[in-house]
Amino acid sequence: MRPAPPTPAPHRRPAAAQPDRRPVTISFAGFNRAWAAWIGDRLERRGLRVVYLRRESPADVPLVDLLRDLKLAEGRVLIVVSEWYFQLGPRSHEEWNEALREVVAPDPSRFAAVSVTTADLPSAVAALRPSGLVGIDAEEAERRVLALLDLPTDPVPGSADRARHGPRFPASIPQAWGSVPRRNSHFTGREALLTEVYDALRSSGVVTLYGMSGVGKTQFATEYAHRFGSEYDVVWWVNAESRVTYRRQLAELAPRLGLRTGEGYGERLRALSDSLRRGEPYARWLLVLDGADEPDQIRDMVPGGPGHVLITSRNPAWSEHDSRLLELPVYARDESVAFIRRRAPRLTEPEAHRLAEALEDLPLLLDQTAGWLDDSDMSVEEYIGLLEEGALDDAVRVSADFPLAFRTAWAILLNKLRETVPESVDLLRLCTFFAPGYIPVHLLRDMSHDGLPPSVAELLTDPGLWDRAVGQLRRYSVVRVEPHETDPDREIFYLHRVVSRIVRQSLPAAQKRQLVDVVRRALAEADPGRPSVPALWPDYAELVPHLKHADVLGSDDPQVQQLVFNCLRYLYLAGEHAAGVTLGDHAMRIWRHSLGESHPLIWELTYHYANLLRAAGDYHRTTRIEREAVRQLQEQRGDQDPTLLRALGGLAADLRGLGDYPEALEVSERVLAAYRGQLGDQDTRTVNAQNNVAVSLRLLGRYEAAREVDLRTLETRRELLGERHPWTLNSEHAYAVDLRLLGRFTDAASVLARSLDTARRALGRDAPQTLRAAHNFAMCRYALGDFDTAARYFADALDRAEHVLGDRDPLTLILAVGQSCFAREHGDADRARELSESVVAAYEATLPPGHPYAVGARANHALTLLRAGETDGARSLAGAALTDMTARVGPDHPWTLGCALSASALCHAVGDVERAAGLSGDTVVRGEGTLGPGHPLTLSALVAHAADLRALGRRGEAEDSERRALSGLAATLGSGHPLTVSAAARRRPYWDFEPQTT
């Protein structure tokens, strides 16, 4: 259900027809639209016809004429009285007093009024005898409105039920109201666009308001949230300038809705997404995503459901992501004039018009200029002269998108701040070395003050001076002060990006160097120093957006450089791979230039950067980087250097990602031998190298050898690191995967159940390592025939991965393969095909030609086509997959055997039984040699071969093969296992390709 409309509201069928009643016309200012909607709803329930008339105040129409026009309406005129009603135009109180005395006083019976304000109003409003609705509850307010119009006040049958679906009482507070900025009491105009946005949200659910910096997008969204907030049960404001911040702030809504989740952002986001989509517990919700300039970063996390999403952005690309796009232009000239006169009442209308023209109607400039101009003795003509002459020495320079007037206007404002409270300029300049938007100024106040520039030290240590500086910035709307999300004693500033840019560019180079060093120190001192601890990730999420603007990559301070490494590690572990790659790109470029190719920091950076590239699936680039690092380190330091060995370990991982498994194993074994020789078997670096050997063995299909190595690694890590360490959990998970691939499903499920529970508690439900464990636990339950549990774990793991990592992350693709195969066999063919096609496309786009993962994904897709009845296409695809897999990993690899099993099924389905029998028989022989006669894949091939022999009329051989297969399945899996039961029913088995982590 969509939120109930404000006004103009649709005419409802009267509860009890009263044709003799004349209509009521409600006259209201747009600011009070919610009151008009609520009053109109109460009147319509009683059978009255209501006409809504938003008050307009064209400057060229006398007030007397406007009021006389109201008398043309049929029936009573009910005026919603507030200061907003009398400010439009703007008109003076004296003008209003004259008009009210002339029009209302002689004919008071035509007018009624309710007051929704406690502010001072024109004295002649007394002629309207307004009934106050402020400070009372909805029931009393309704009684007063009815009594004012001489209507019965007894309850209407069914009114309570209708109230749940009608407009909320405007004075009531939504059930959840989060981080919405304070309403701007000077907001002006935009009435038509407010209505358009409202209507667009009702029809499409998601609206993006876009426009240039300084045009007032945030102010517009704030006004929309306040104006229509009473019609929602939930109004939640999110800073969407980065994915990290967006996830953090959106996740905070989950506990406000009473959703039971853990502390992890991904878990909260999943629960929240499901809650909003279902409209439970609230269907009337509004999310405002402010500053979403990079749609690709957050588009996959924009909730759907019965509520509304309002996005503000500079980027019109949101139109490509299922959002209705509306542009917010600069003010119309009459809106500019009205705004200036309300912000600077001393200015006349002609002066306001000239100022608006000089400032080109840009709301940000109007707001920040008119406020102090009202307090100044500078005339508008003098001000405009300065703008035209560009006569200020410290005129700032911004991009070509903004005119000279804009730059000079800001120079004037900065001069004014400097003359009154110079420390406010110091604070403002410091803020420009944080990222624009939300600025954690509490980091400045929490940092050590030794060695700071005297003016900065005084500002940060003198509370009175700080308060004066902040007060001055707030007075001129330079910043907005917000409470910290978790600590209300800490301050957060909101600074517009345009303001930040022009102030920063006005600084002399020496002062820039001085101030940026202060901010770098503040960030470095706030570094928790432990990026591997999930509980500290919110702290890193607060720091990361500011690294670029503080130019941390330009610092030679070891503490600042360590902050960079820790943030890269955090981004890797938290799954924020795209942001990490971007930071790594910049760091590699800048540090290589400043430090040289062979500096120790470059090798450390290469390690973190390659990890992020690899995690994002960019194996080509990371392989080039690692090969070059290996070459240089070998030349400079020799074959046994620890940094070289670490680079070789990374290269082996890259080779695994590219599908070059034999070379990967060779490199991994070389690294292991070197570490053993230097450090012994008990050093963690040796153990890590041993783990990587097992990964390569597993990808080569040597499951028993991998299991033996993984078991040794697990035992050593438990001894060295403890049960809960992430590396120990990784080994436990790898060991369980080996067991499952060997057909020991029950043993694998037992190990994974324990490991998964520990990972959830130690790392969080959304850590990539936890998601891998959950997926493999689902694979175990699926293999054991526990389809309900498998379905739940498959869906949950994929949903979390898509939220945390994105839909093209290598881990997400692995999980999508499992979900697709399960959906294909358990009733959701459309979902299976959608996922299968997306996985095939992703692998073919990102991996080299003939990569085993792309080939295996096509083999899976052949089975999806078979389920859809596309037999010929399925057979062709399966045959090609078998050929390609054989060429890539050899005829005896388990993946090749699986492809052969599927290809034989497709040949049998189209009547090519001879070919099917040849494939299934060969698979049995190769499977016995590679996996053993008791492995489920070998036995499945034997079941398939029996079916082929039977179709060829070779019944004796078929029965012998079937008997051997059933006996082996019962011994290995049990007589009641689904695979055994299916074989006994003579249903042909199939095989699903399963990509592994590398």
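Two strands pair if DSSP finds at least two bridges between them. The views below apply this to a predicted model.

**View 1. The whole chain holds 45 helices and 14 strands.** The chain is 998 residues long, and 57% of them are buried. Its C-alpha atoms fill a box of roughly 110 × 75 × 45 Å along the principal axes. About 39,500 Å² of the chain is exposed, with 48% supplied by carbon and sulfur atoms. Among contacts with a separation of 6 or more, 69% join residues 24 or more positions apart. The charged side chains number 118 positive and 137 negative. The centres of these two sets lie 3 Å apart.

**View 2. Six strands form an open, parallel sheet.** The strand order is 6-8-9-10-7-11. Strand 6 (176-178) and strand 11 (324-327) are the edge strands, and each pairs on one side only. On average, neighbouring strands of this sheet are turned by 20° against each other, direction ignored.

**View 3. Strand 9 (residues 285-290) pairs with strand 8 and with strand 10.** Strand 8 (residues 234-239) runs parallel to strand 9, and six bridges join the two. Here Trp236 stands opposite Leu287 of strand 9. Strand 10 (residues 308-313) also pairs with strand 9 in the parallel sense, over four bridges. In that pairing, Leu286 faces His308 of strand 10 as its opposite residue.

**View 4. Is strand 9 mostly covered or mostly open?** Strand 9 is mostly covered, with six of its six residues buried. In a regular strand the side chains alternate between the two faces of the sheet. Which residues of strand 9 lie on each side? Trp285, Leu287 and Leu289 are on one side, and Leu286, Val288 and Asp290 are on the other. Both faces are covered, and these residues are all buried. Buried here means under 20% relative accessible area.

**View 5. Helix 9 (residues 243-251) lies across strand 8 and strand 9.** The helix runs at about 155° to strand 8. Strand 8 and strand 9 are the parallel pair joined by six bridges.

**View 6. Strand 10 pairs with strand 7 (residues 206-210).** The two strands are parallel, and the pairing spans five bridges. Thr208 stands opposite Ile311 of strand 10. Strand 10 also pairs with strand 9, over four bridges.

**View 7. Helix 13 (residues 333-343) is mostly covered.** How many of its eleven residues are buried? Eight are. One run of buried residues in helix 13 is Glu335, Ser336, Val337, Ala338, Phe339 and Ile340. Arg342 and Arg343 are buried as well.

**View 8. Three strands form an open, antiparallel sheet.** The strand order is 12-14-13. Why is one side of strand 12 (437-439) and of strand 13 (479-483) left without a neighbour in the sheet? Both stand at the edges, and each has a single partner strand, so one side of each has no neighbour there. The twist averages 30° from one strand to the next.

**View 9. Strand 12 and strand 14 (residues 491-495) run antiparallel.** Three bridges join the two strands. Ile439 stands opposite Phe493 of strand 14.

Terms used
Residues numbered from 1 in each chain as written. Predicted model: local features only at pLDDT ≥ 70, side-chain atom pairs only at ≥ 80, totals over all residues. Heavy atoms only, no water. Axes fitted to C-alpha atoms, helices over the stretch in contact; angles between N-to-C directions. Buried < 20%, exposed > 50% of the residue type's maximum accessible area, 1.4 Å probe, protein only. Contact = heavy atoms within 4.5 Å. Areas by Shrake-Rupley, 256 points an atom, 1.4 Å probe, with all protein chains shown as cover. Lys, Arg positive; Asp, Glu negative; His and termini not counted. Charge placed at Lys NZ, Arg CZ, Asp CG, Glu CD.
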